[in-house]
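Could you walk me through this protein in plain words? I would like a short report that covers its sheets, a pair of helices, the empty spaces inside it and a few unusual backbone spots.

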Amino acid sequence: MTTVRAAHRICPLCESTCGLLVDIDDRRISRITPNPRDVFSAGHSCAKGLGLGALESDPDRVRTPLLRTASGEFRTATWDEAFAEIGRRLPEYVSGAPGSCAIYHGNPGAHHLDTTFYLGELIAALGTRNIYSPASVDTWPKNLAHILLYGTGLGLSLPDIDRTDHLLILGSNPVVSNGSTITAPGMAERLRRLRARGGTLVVVDPVRTDTAALADLHVPIRPGTDALFLFGVLSVLAAERAVRPERIPEQVDGLPEVLDLAREFSPEDVGPACGVEPELIRRVARGFAAADSAVAHSRMGSCMQEFGTLANWLVEVLTIVTGNLDRPGGAMFALPPGGGPNTWPISTARPMLGRWWSRVRGLPEAMGELPAVCLAEEILTPGPGRTRALITVAGNPARSLPNTAHVEEALRALEFMVSVDCYVNETTRHADVILPPPPLATRGHHDVTLAHFQVRNVARYTPPLVDLAEGELAEWQILLRLAALAKGETGRTTAELDDEVAVVAARRAAKLAGVAPDRAYASTAGRRGPQRLLDLRLRSGPYGDRFGEEPGGLTLALLEAHPDGIDYGPLRPRLPEVLRTPGGRIDLVPEMIVADIPRLRASLVRPVPELLLINRRQRRGMNSWLHNALPQPDDGQCALLMNPGDAAGHRLVDGDRVLVTSPVTSVTAELRLDDALRPGVVSMPHGWGHRGPGLRTTRSAAAPGADYNALVDDTAALEPLTAAPIFNGVPVTVTRCREEDPR
């Protein structure tokens, strides 16, 4: 008779980190329900979390290593065979020409302890600065704005959504996405509670999204003009003297200067470019300024556009000048249990920006990575330092990056490629070796990174649901083996390598806690891998027990005894200790920002393209990597949405097969009419286009969808401050397909 065992689980699939209750039948997940006792999510989960079992049991998952044969096909291999091949070939790209092996790590790794703690070991072993991730595609403008204002790109300011009286959302649809750079399970319910207590929700978006449908006011802005709109709002506050200097923190400099800049962007000046009536801009400004507490929040739509950094800077400025920074109901900073850049001692090192540049175009590093738009050209451009080998970890750049044809051309040109991945997808089909990570159920979970985005100070941990099976290796073990092979250390055991990592981590933790390193190291005796490193972080973190110096303080053992989590209360003021800027002050008018404003001003007089393409979120999607296990309902999932008036003007009807053409290429899609879009805007989801030889993703290949990313430029159309590609506001033409058009 089979015994079903119940266990706790924190969902690792998106930034909401919802608490789940999981029934385990032997090693199989048989049932998942939301955990009503979780201190943070309180019974909420989306379809992705409830579908976690489908991801674990997906028959297309790679479960044993794969090696490419001389004929170009994959064959199954043992771990020893796979590592032997890597050990034979990888060192050439490390010792012979450091940097000729690049690394690309994808979105899933940000949610896992293994990658969080051990990816750095692999990067150090490779000796490369050619490091890439999706962050440079969808987040860097927000990170840069925070680096310039607050000194760190990870310790972001957060909307205190549960206490605010007025929330302004730009470029985000959290009712569908569950939120991004904000960890707030059950966003839809939180927004409903905001309005139920008499608060106001304003949504600025080209589409009447599910979030906009909940709002008191929806502003249907033209894509790519958020910075102009926000400057218009700020100009109203300047003209009407609606700022609140008495509530602005003492550490803020540059208030008169930023208001002077705003006066050049009156509602009458910016309204035509934004497609928004000047009086509506004034209404938004006056409502925000009049609220007892107010906060603005922006996300993907504001980052993936031409003026992304300016838009995200202005989001912060608007909150600051109305006296809503670092106060309940405004923008506040989390206190992550495991510590991080906004809790560790202030460093005098250079900001993590522009410390090195890419070889081909000289594009700047940010937060330890180069812009991902460099990946293809660094492989394809001859010369010293050319990227000849690549390691991907849980990433699919062939569908996550712009100009996918360029990326796949580059992947085909590599001399050697290793992928740590559970699918043979558009990227890994080009690999020489595929190393499969074990199921998610074998991992313990605590979101070290996402705790920086929590809208409430909580600490939670869930242990592995099942042990590793025979033939499975933990991802941290895989990463350590790769690091050893990169250095030519073929005889080292994983245990030895892990002990070395732990010794270094214990030194850091001991310094933070003010105890001897031996004491910190000994305190985690009996633990291995990520659990040992997590315990060191928790015990030396803001709530930690300081390795016995603070009895009752946080430890991993304490979290294990509280499977529903520990609540440390609402966000609390953290200025000035949270700042990591030179001098510990906030400069509202950074030189880099001011220098970019003439470019924004010049956009006021540009002609507006007839149709602008924007991205859209999907409830069961998370970039490209859930499409096979958790497919969208097959009802126009990748259709091009268009306003009926635009369709009539182009003599198109619902259901037409259309050719969508950008300056880069053309793709085909089914047309669906939707009056939720403002005129002049069309929309598709990104990350699709699952077609081509060699895929082993049966479901997604059967419904491949349209490849939005193929339409996006990776060379000329970049946000100049960060080199982030412009995904939103892409000028396109849409015509009915002819028989000879590609399908």
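## Spaces, sheets and helices

The lining of the largest cavity is made up of 14 nonpolar, 16 polar and five charged residues. Please keep in mind that this is a predicted model.

Let us stay with the empty spaces for a moment. Rolling a probe the size of a water molecule over the atoms shows where empty space is left. Across the whole structure, a search turns up six cavities of 30 Å³ or more. The largest cavity has 35 lining residues, and those nearest its centre are Pro108, Ala394, Asp421, Cys422 and Trp625.

There are pockets to look at too. In the second largest pocket, 40 residues form the lining, with Asn173, Thr209, Asn615, Arg616 and Arg617 nearest the centre. Helix H8 (174-177), helix H15 (300-303) and strand E23 (612-615) each give at least two residues to this lining. The largest share, three residues, comes from H15.

Here are the two spaces side by side:

| Space | Volume | Lining residues by class |
|---|---|---|
| Largest cavity | about 420 Å³ | 14 nonpolar, 16 polar, five charged |
| Second largest pocket | about 840 Å³ | 13 nonpolar, 17 polar, ten charged |

Now for the sheets. One of them is an open sheet of three strands in the order E1-E2-E3, and its pairing is antiparallel. Strand E1 (4-10) and strand E3 (28-34) are at the edges, where each pairs on one side only. From one strand to the next, the twist averages 30 degrees. Strand E2 (residues 19-25) is joined to E3 by six bridges, and the two run antiparallel. If you would like to find one of the partnerships yourself, look for Leu21, whose bridge partner in E3 is Thr33.

A second open sheet has seven strands, ordered E5-E4-E19-E18-E17-E6-E7, with mixed pairing. Its edge strands are strand E5 (74-76) and strand E7 (131-132), each of which pairs on one side only. Next to the edge, strand E4 (residues 66-68) pairs with E5 in the antiparallel sense over three bridges. There, Arg68 has Phe74 as its bridge partner in E5. Helix H3 (residues 79-89) packs on this sheet and touches E4, E5, strand E18 (416-420) and strand E19 (433-435). The direction of H3 makes about 130 degrees with that of E19.

Helices can pack on each other as well. Two packed helices are described by the angle between their axes and the distance between the axes. Helix H21 (residues 494-513) and helix H23 (residues 529-539) pack at about 10 degrees, and their axes are 9 Å apart. Angles under 35 degrees count as roughly parallel, so H21 is roughly parallel to H23. Which residues of H21 meet H23? They are Asp498, Asp499, Val501, Ala502, Ala505, Ala506 and Ala509, and on the H23 side they meet Gly529, Arg532, Leu533 and Leu536. By class, this contact has seven nonpolar, one polar and three charged residues.

Finally, a look at the backbone. Most residues other than glycine have a negative phi, and most peptide bonds are trans. Thr17, in the loop between E1 and E2, has a positive phi near 50 degrees. Leu575 and Pro576 are joined by a cis peptide bond, with omega at about 0 degrees. You will find Pro576 in the loop between strand E21 (566-570) and strand E22 (586-587).

Terms used. Residues are numbered from 1 along each chain as its sequence is written. This is a predicted model: local features need pLDDT of at least 70, side-chain atom pairs count only at pLDDT 80 or more; totals for chains, interfaces and linings use all residues. Side-chain values use heavy atoms; hydrogens and water are left out. Two strands pair if DSSP finds at least two bridges between them. Helices (H or I, at least four residues) and strands (E, at least two) are DSSP runs, numbered from the N terminus. Axes are lines fitted to C-alpha atoms, for helices over the stretch in contact, and angles run from 0 to 180 degrees between N-to-C directions. On a 1 Å grid over the protein atoms alone, a cavity is a set of points where a 1.4 Å probe fits but cannot get out, and a pocket is an open set with protein on both sides within 12 Å along at least five of seven lines; lining residues have an atom within 4 Å of a point. Grid points are joined across faces, edges and corners, and a volume is the space filled by probe spheres set on the points. Ala, Val, Leu, Ile, Met, Phe, Trp, Tyr, Cys and Pro count as nonpolar, Asp, Glu, Lys and Arg as charged, and the others, Gly among them, as polar. Angles under 35 degrees count as roughly parallel, over 145 as roughly antiparallel, 65 to 115 as roughly perpendicular and the rest as oblique. Contact means heavy atoms within 4.5 Å.
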